Amino acid sequence: MPQIGFNRRDLVASALAAAGLAALSRPEPARAEGTELPMTPACEGRAAVTRRQTEGPYFTASSPLKRDLRGDGPGEMLVLSGFVLTPQCRPVGGALVDLWHANASGDYDNAGFLFRGHQFTDAQGRYQFITRMPGLYPGRTRHFHVKVRAGQGPVLTTQLYFPSEPGNARDGIFDRALLMDIRAAEGGRLGRFDFVIAA
Ligand SMILES: [Fe+2]
């Protein structure tokens, strides 16, 4: 018998995704209290280009076109959303956003494409992944890896971090300019980060 309708996990994911999109429609992103984040680029003047970071040893080219990575393994759900913007804060539609990260146990899938996927921003410059919290592995704090590229322009390779993560202070690569805004939501977390790429 085919399953009809949504199960609870689907409903939670839909609610999280809707919340993420609702957050994107606000002029200023909601911020978790006490995170002391630098301001996400606002459209006043010129925004700083997102800082580059090392690719690390676990990038695999040609990830699948896929924004829902929940099926790649267990773990707490996280909806990661944001914009790709120019330094003048104009949205970049059709920009490639490629995400890869460790599973809940801290392992990368180096044989296949679990927790690896890419997508293209919509006309408003928005991207969104639904995934799981990345686990910890020795020597690093909790993080995502991302590549962003507009058209045939230069590739921005960077990493994203979690506020209030104990390992941040011990990680020599960690950069607080790359902290996501993280909010708790029913069934998981909402993450927000806007990428600013050189035109
Ligand atoms: Fe990594």
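Is Y127 buried or exposed? Keep that residue in mind while the tour reaches it, and remember throughout that the model on the screen is a predicted one.

**The whole chain**

Begin with the full protein in a cartoon view, where you will find one helix and nine strands, arranged along the sequence in the pattern α-β-β-β-β-β-β-β-β-β. Of the 199 residues in the protein, 48% are buried, and the surface that the protein exposes comes to about 10000 Å², with carbon and sulfur atoms supplying 55% of it. If you display contacts between residues with a separation of 6 or more, 72% of them are accounted for by residues 24 or more positions apart.

**The open sheet**

Next, select strands β3, β2, β5 and β6, which in that order form an open sheet with antiparallel pairing. Its edge strands are β3 and β6 (156–161), each of which pairs on one side only, and from one strand to the next the twist averages 20 degrees. Now narrow the selection to β5 (residues 143–149) and β6, two antiparallel strands joined by six bridges, and look for F144, which stands opposite L160 in β6. Then select K147 together with F59, since K147 lies over the face of that ring, at 4.6 Å from the ring centre.

**The aromatic pairs**

With the aromatic side chains shown, the structure holds nine aromatic pairs. One of them is formed by Y58 and Y108, whose ring centres are 4.5 Å apart and whose planes meet at 25 degrees, so this pair is stacked. The pair links distant parts of the chain, because Y58 sits in the loop between α1 (8–25) and β1 (77–85), whereas Y108 sits in the loop between β2 (96–100) and β3 (116–120), 50 residues apart. Colouring by accessibility separates the two partners: Y58 has 28% relative accessibility and therefore counts as partly exposed, while Y108, at 11%, counts as buried.

Move on to Y127 and F129, an aromatic pair that is tilted, with 6.3 Å from centre to centre and 55 degrees between the planes. Here the opening question finds its answer: Y127 has a relative accessibility of 2%, and because buried means under 20%, Y127 counts as buried. Its partner F129 is buried as well, with a relative accessible area of 1%. To finish, add F193 and F195 to the selection, and you will have on display one aromatic cluster formed by Y127, F129, F193 and F195.

Conventions. Residues numbered from 1 in each chain as written. Predicted model: local features only at pLDDT ≥ 70, side-chain atom pairs only at ≥ 80, totals over all residues. Heavy atoms only, no water. Phe/Tyr/Trp six-rings, centres within 6.5 Å; stacked < 30°, edge-to-face > 60°. Helix = DSSP H or I, 4+ residues; strand = E, 2+ residues; numbered from the N terminus. Buried < 20%, exposed > 50% of the residue type's maximum accessible area, 1.4 Å probe, protein only. Lys NZ or Arg CZ within 6 Å of the ring centre and 35° of its normal. Pairing = 2+ DSSP bridges. Axes fitted to C-alpha atoms, helices over the stretch in contact; angles between N-to-C directions. Contact = heavy atoms within 4.5 Å. Areas by Shrake-Rupley, 256 points an atom, 1.4 Å probe, with all protein chains shown as cover.
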